[in-house]
Each structure stands twice: as C-alpha cells, then as structure tokens.
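Hi everyone, thanks for making time this morning. I'd like to walk you through a structure that will be new to most of you, so let's put it up on the screen.

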Amino acid sequence: MGARAVLAVLAIALTGWLAVHLTSTPVAGLGQQVDAHLHASGVASPITAVLLNFRALDTLYEVSVLAVALIATLSLEPTRQPRVPPSPGPLLVWLVPRLTPVMLLLAGYLWWAGSTRPGGAFQAGATIAGLLLLLALKGPDPGLQGRGGHALAMAGPLWFLLVGSATALAGSAFLQYPDAWVKTLILTVEGVLTAAIGVTLALLAGGGRRQA
Amino acid sequence: MAAVSAAFDLVLAALLALTAWLALDGRGLIRTVMLALAFGLLLTLAWVRLGAADLALAEAVLGTGVTVVLLIELLARLRGKTRG
C-alpha cells in the first residue's frame, strides 16, 4: 500500500505539472517543418512521411529490433510438454472463417491508406498478426512456424535495408529515395513490412518454433 | 457538447488512474494481467481522444495483444510447471 501510494502521488504530481507547463508555454515543435516539406515526401500523411521518409532510418532500427527479439525468442528452448491447443468452441468455428476475408481486406486498406491518413505498415501488420493468432486458435494451422515463416519475418528489415543500400549505391545517401520512385518505394517497403510484422508478432505471441 | 466531451475525458482519466492503482495491487497474477489489459484498452481510448489515431492503433495492438498475450502465456506455462 505504501509503495503504491508514493508512486501514485509522484505520477499525479508529474502529470499535473506537465499539463500545466505544456499548455501555458507555447512549444514550437517540428510540426511546421514537417508540413513545409510534406510535398517532397511522396505521401500525404505527415506521420507516414516522418516514419518512412524523413526518419526512415529510425524505422529501420525499430524493425531490426523486432527481428532481433524474434531471433532471441526462437533461440529459447522449446518447452518439454507439447502444447495441445484446446478444441475451438463454436464461436471461433463460426467466426474465424467469416472474419478472415474481412481482416485481410482491413489490413490491405490500412496499408494503402497509410499514405494519406492514419494507417501504415505497423497497423496493417498488427491486423495480420491478429488474424494469424485467431487461425492458430481455431485451425487450420497457417504453417508459419517453419523456415518459410521465419524467412518472411526477416524479409521486412532485409527489404528495407536493400532499398537503402540501392539508393546509396545509386549515388544518393542511404535511404534517400529518388524523386520519381518515392511513393512506390515507400509503399513496397510498407507492404513487405506489413507481412513481416504480422508474422513476427504472431510468432512472438504464439510460440516461435514447432514443438518437438 | 463540449461539456459532455470534457466529462468523458475526466472519467477516462479517472478510470486510467484507478485501473493502474488496482493493477499494482499485487494480490494475484491473473488479476494484475487482466487489469493491465483493461488499462491498455483505456489508454487506446485516451489516444483517440488526444487525436492520435496512429498511436491508438499501435496501442491497441501492443498494449493488449502483444504484452498481455505474452503475459498470459507466461502465466499458463508457470502453472503447467508447478502442476506437472
């Protein structure tokens, strides 16, 4: 009780101070500069422009961290007891076949809409991961726990790295997209990332390897 | 209309604080994980109210799907080990 109360008081005090401080003094962030250069980024959404163009290197780092986390999880010893999934109840049996096309459509839409409105690779990838987990619960097994699934998970950061290396070899800086290809490159990177993130999250949550 | 949204925001903030307080109770692992799940969902609503749709989508995935699913799986394996 004591530790909780101390933490609560500290948290509320910090939040209150931040709320007062941030709303009283006008903070000039980088939003105006992003908006000023939005036309050159190839996409219409400022968030996607920052994530996939202006700060693309940071996104590359993030997906690499995800890949490393997956490798670390895959390296752990599988548990001795083979996991026997319980037989799916009637709700799952009815729902999953009907949800699958909807979720695939939603993931495709989120990937495409990410260039103009909230969406993008991570959100679409998360939808795919949810779908894969539902399939793991209900069956049939999507079969992504072997080498194919692992390769797909690594394809995201690898393709991103490839695009960056190609731009570097072509004479520009690393990940400096040539003007004519900006939107296409961003969309392909996001597309591969969608699949990779979906498989990575599903493998992380559902168990990386087939149990022995 | 502004009064309704302000009241909604206040209730949401209070619920966030309350869920966090209850989750740190330490009375049971399952209880803590479930409250962490509730906190993640409430935080998703908070991001929507703050106008950050991308963050809300990411929070819905990470705060509920990844962290809670991993925690529940951990709990299940711990129980299996203590029983078998």
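Let's start with one residue, A:Leu193. Leaving aside residues up to four places away in sequence, A:Leu193 touches A:Val63, A:Ala121, A:Gly125, A:Gly156 and A:Phe160. Before we go further, please keep in mind that this is a predicted model. Its scores are ipTM 0.73 and pTM 0.80.

Now, where does A:Leu193 sit in the bigger picture? A:Leu193 is among the residues with the most contacts inside the largest nonpolar core, which has 45 residues. The others on that list are A:Ile128, A:Val189, A:Ala196, A:Ile197, A:Leu201 and A:Ala202. Several helices of chain A give two or more residues to this core, namely H3 (46–54), H4 (56–75), H5 (90–113), H6, H7 (147–169) and H8 (182–206), and H3 of chain B does as well. Which helix gives the most? That is H8(A), with 14 residues.

Let me stay with H6 of chain A for a moment, which covers residues 121–138. Is H6(A) mostly covered or mostly open? Mostly covered: 14 of its 18 residues are buried. Its length also works out nicely. At 1.5 Å a residue, the helix should span 26 Å, and its end C-alpha atoms are 26 Å apart, so the two agree.

On to chain B. Here we find three helices and zero strands, and along the sequence the pattern reads α-α-α. The radius of gyration of chain B is 15 Å, well over the 12 Å that the globule rule gives for 84 residues, so chain B is more spread out than a compact globule. Along its principal axes, the C-alpha trace spans about 55 × 25 × 15 Å. Of the 84 residues of chain B, 13% count as buried.

How do the two chains meet? The contact takes 14 residues from chain A and 14 residues from chain B. On the chain B side, helix H3 (residues 53–83) gives the most, with eleven residues. That side divides into nine nonpolar residues, three polar and two charged.

A last word on confidence. Chain B has a mean pLDDT of 85, with 94% of its residues at 70 or more. Among the elements of chain B, helix H2 (residues 29–49) has the highest mean pLDDT, 91, while H3(B) has the lowest, 78. So as you look at the contact, remember that H3(B) gives the most to the chain B side. Thanks for listening!

Methods. Residues are numbered from 1 along each chain as its sequence is written. Chains are lettered from A and ligands numbered from 1 in the order in which they are written. This is a predicted model: local features need pLDDT of at least 70, side-chain atom pairs count only at pLDDT 80 or more; totals for chains, interfaces and linings use all residues. Two residues are in contact if their C-beta atoms, placed from the backbone, lie within 7 Å. Helices (H or I, at least four residues) and strands (E, at least two) are DSSP runs, numbered from the N terminus. Ala, Val, Leu, Ile, Met, Phe, Trp, Tyr, Cys and Pro count as nonpolar, Asp, Glu, Lys and Arg as charged, and the others, Gly among them, as polar. The expected span of a helix is 1.5 Å times one less than its number of residues. A residue is buried if 20 or more other C-beta atoms lie within 10 Å of its own, exposed if 12 or fewer, and partly exposed in between; C-beta atoms are placed from the backbone. pLDDT is the predictor's confidence in each residue, from 0 to 100. The radius of gyration is taken over C-alpha atoms; the globule rule is 2.2 Å times the number of residues to the power 0.38. A nonpolar core is a set of buried Ala, Val, Leu, Ile, Met, Phe, Trp, Tyr and Cys residues joined through C-beta atoms within 7 Å.
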